[in-house]
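Take a walk through this fold, one piece at a time. Keep the structure open and turn it as you read.

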Amino acid sequence: MSAPPSREGAVDLARRERGLQAHSPHRDTRKNVEINIGKTCNNKCVFCLDGMPTREDKAFMPFDDMKAELERWRAEGHLSVGFLGGEPTTYPFIVESVAYARELGYTRIALATNAMMLRREHFLDKLIDAGLNRVTVSMHGHTAPLEDRLTMVPGGFEKKVTALRHLVARRDRGLMTEGVSVNIVLNGWNYRALPKMMKFFFQTMDLHDLRVNFVRPEGYAEGNPDLVPTFTDTIPVLVKAILLNEYHFRRVFTFGGLPLCVLPAKLLGSETLLRKYAGDLYRDLSTDCSVRAEQHVPVEVMEGVSRVEGGRARFNWQDRKRFDLKHHIEACQRCDAADVCEGVWRGYRDIYGDREVAPLTWESGAAKRLSPRVEQAPEPAQVARSSHRRRLVVLS
Ligand code: SF4
C-alpha cells in the first residue's frame, strides 16, 4: 500500500484487472511457475483440497509433457519453478525434472513437499545434485499427535523431523541457496498452538522461515466449521505470534489467506509491519500454475481465469485467488484497499458470512476500518457440500 488510491483511482473490480500485485520491495522479481505432477500423495490431510482424487487425477504427468512445460515457461521468462502435487517426491521423474529445469536455466528450483521421502539422505542429495535449491515443507503440527492426526499418517511427524534436520544441515552447508521453509495450514485443530509451533520450528528445528496460510474451505474442509476457525478467533493468536516474532524469534514469519480488514489495527496502521508479515500480498512471487485439466480440449478455452488447452489448465495464481476462489463483497467496492486485498475465500463466506468484513479507508498513511469489529465470532451456518470440486493446486 505505497500510495493510498483516491476514490476515483480505486480499483474497478468489475473490470477484473489481471496480474494485480501490490508493489513491494520485499518481493523476488523472478517470475515463478508451479507445475503439478499429478495428485498422488502419501499423506491424507484432513483439510486436503483435492478431496478424493480420481485415478486420472492421480496419474503422473508424462516426462515428455513435463519437459515441454518447463520449456514453455522458461521461454516466457520464468526463472523460478516449483514442483508440487499431490506429493512431488512420489513422481518417478522428479530428479530428471529438476535436472532439466537447471539445464534450461531456471535459477530457483523448488519442491513443495510433505518431505517424508526426504528423510532418505541419498534421495535428497540426488535432488540437490540435480539442482534443487529450495524446499517448502508442508507440516502442520509441533507434536506427533497433532501432525499425525492432521495428516492421518502415523509416524509421519518423526519422518518429517528427520527430513527437516537433513534439510537444515544442507542449508547450513550452503546447499539450499533459496532457503528451506515450513508451510503450516492454519486450521481449527492447530491454530491455538501457533506460538508453540513457532517455538518448535524456529528454536528446536532452527528454521529461518515459517509461513502460515489460513485454511481454504474446500475439499474436505468445505462447510466444516470444526476445521475452519473464524477470523475473529484466529486474529488474537496471530497477534501473539507476530509479537513473539518481533521481540523474540526475529525470523521470517509470514501469513496468507486473510482479508486485510480483519487484521488488527496495529498492523493496519503500520505499512512496515504489513509488508513484513502479509506474505501473500507483499512477498510471494508472481506465480503461474500448470495443472492437469479435467478435460482434454484441442483448442484453448477459458474456465474462470484458467486457460485450458491440450490437457493442461494454466493460470496466474494471484488472479485465480482474486477472481475465482475468493470473493469481493459489496463492501469491498467501497474499500480503499481492494486493489491490494484479494477478498475472502468463498468457502469461508459460505460458513460464516460477511459480518467480520468492513471496508478500509486511508488516514494519515494508515488503513482504518470504516466500521467497528464484531465483538462475537459469527456462528457457522449449515453448509450444503457442493457436488463439484474445485481441483486446484495447493501453493507453497
Ligand atoms: S473490505 Fe474487502 S477488499 Fe477491503 S480489506 Fe476487507 S475483504 Fe479486502
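Look at the hairpin of β14 and β15, where two residues sit between the strands and S364 takes a positive phi near 50°. This is a predicted model, so that angle is a computed value. Strand β14 covers residues 360-363 and strand β15 covers residues 366-369. They pair in the antiparallel sense over four bridges. W362 has A367 in β15 as its bridge partner.

A second hairpin invites the same look. In the hairpin of β10 and β11, two residues again lie between the strands. Here G310 takes the positive phi, near 55°. Strand β10 (residues 306-309) runs antiparallel to β11, and three bridges join them. V308 stands opposite A313 in β11.

Now stay with β11. How many of its residues are buried? Five of the five are, so β11 is largely enclosed by the rest of the structure. The cut-off for that label is 20 or more other C-beta atoms within 10 Å. Follow the side chains along the strand. R312, R314 and N316 point one way, and A313 and F315 point the other way. All of these residues are buried, on either side of β11.

β11 also pairs with β8. The two strands run antiparallel and are joined by five bridges. R292 stands opposite R312 in β11. Strand β8 (residues 287-292) in turn pairs with strand β1 (residues 32-36), this time in the parallel sense, over four bridges. In that pairing, I35 stands opposite S290 in β8.

Step back and these strands fall into one sheet. It is open, has 11 strands with mixed pairing, and follows the order β7-β6-β5-β4-β3-β2-β1-β8-β11-β10-β9. Which strands stand at the edges? They are β7 (252-256) and β9 (301-303). Each has a single partner strand, so one side of each is left without a neighbour in the sheet. From one strand to the next, the twist averages 20°.

Next, find the helix that crosses this sheet. Helix α12 (residues 317-325) lies across β8 and β11 (312-316). It runs at about 85° to β11. Is α12 mostly buried or exposed? Eight of its nine residues are buried, so the helix is largely enclosed by the rest of the structure. Those buried residues are W317, Q318, D319, R320, K321, R322, F323 and L325. They pack against β8, β11, β12 (326-327), β13 (344-345) and α13 (346-352). An α-helix has 3.6 residues a turn, so residues three or four places apart point the same way.

Two leucines in other helices are worth a stop. L70 is placed in helix α2 (residues 63-75). With 23 other C-beta atoms within 10 Å, L70 is buried. Beyond residues up to four places away in sequence, L70 touches V81, Y100, A101 and L104. For a sense of distance, compare L70 with K321 of the buried set in α12. L70 and K321 are 251 residues apart in sequence and 23 Å apart in space, C-alpha to C-alpha.

The other leucine is L167, found in helix α6 (residues 156-172). L167 counts as buried because it has 25 C-beta neighbours inside 10 Å. Leaving aside neighbours within four places in sequence, L167 is in contact with L118, V135, M176 and V180. L167 and A115 are 52 residues apart in sequence, and their C-alpha atoms are 9.5 Å apart in space.

Then turn to the ligand. It is surrounded by 15 residues, and the closest are P259, C261, C332, C335 and C341. What classes make up this shell? It has 13 nonpolar, two polar and no charged residues.

Finally, view the whole chain. Its secondary structure comes to 13 helices and 15 strands. The C-alpha atoms fill a box of roughly 55 × 50 × 40 Å along the principal axes. The chain has a radius of gyration of 20 Å, which agrees with the value near 21 Å for a compact globule of 396 residues. Of these 396 residues, 47% count as buried. Among contacts between residues at least 6 apart in sequence, 73% join residues at least 24 apart.

Key
Residues numbered from 1 in each chain as written. Predicted model: local features only at pLDDT ≥ 70, side-chain atom pairs only at ≥ 80, totals over all residues. Rg over C-alpha atoms; globule rule 2.2 N^0.38 Å. Buried ≥ 20, exposed ≤ 12 C-beta atoms within 10 Å, placed from the backbone. Contact = placed C-beta atoms within 7 Å. Near = placed C-beta within 6 Å. Nonpolar A, V, L, I, M, F, W, Y, C, P; charged D, E, K, R; others polar. Pairing = 2+ DSSP bridges. Axes fitted to C-alpha atoms, helices over the stretch in contact; angles between N-to-C directions.
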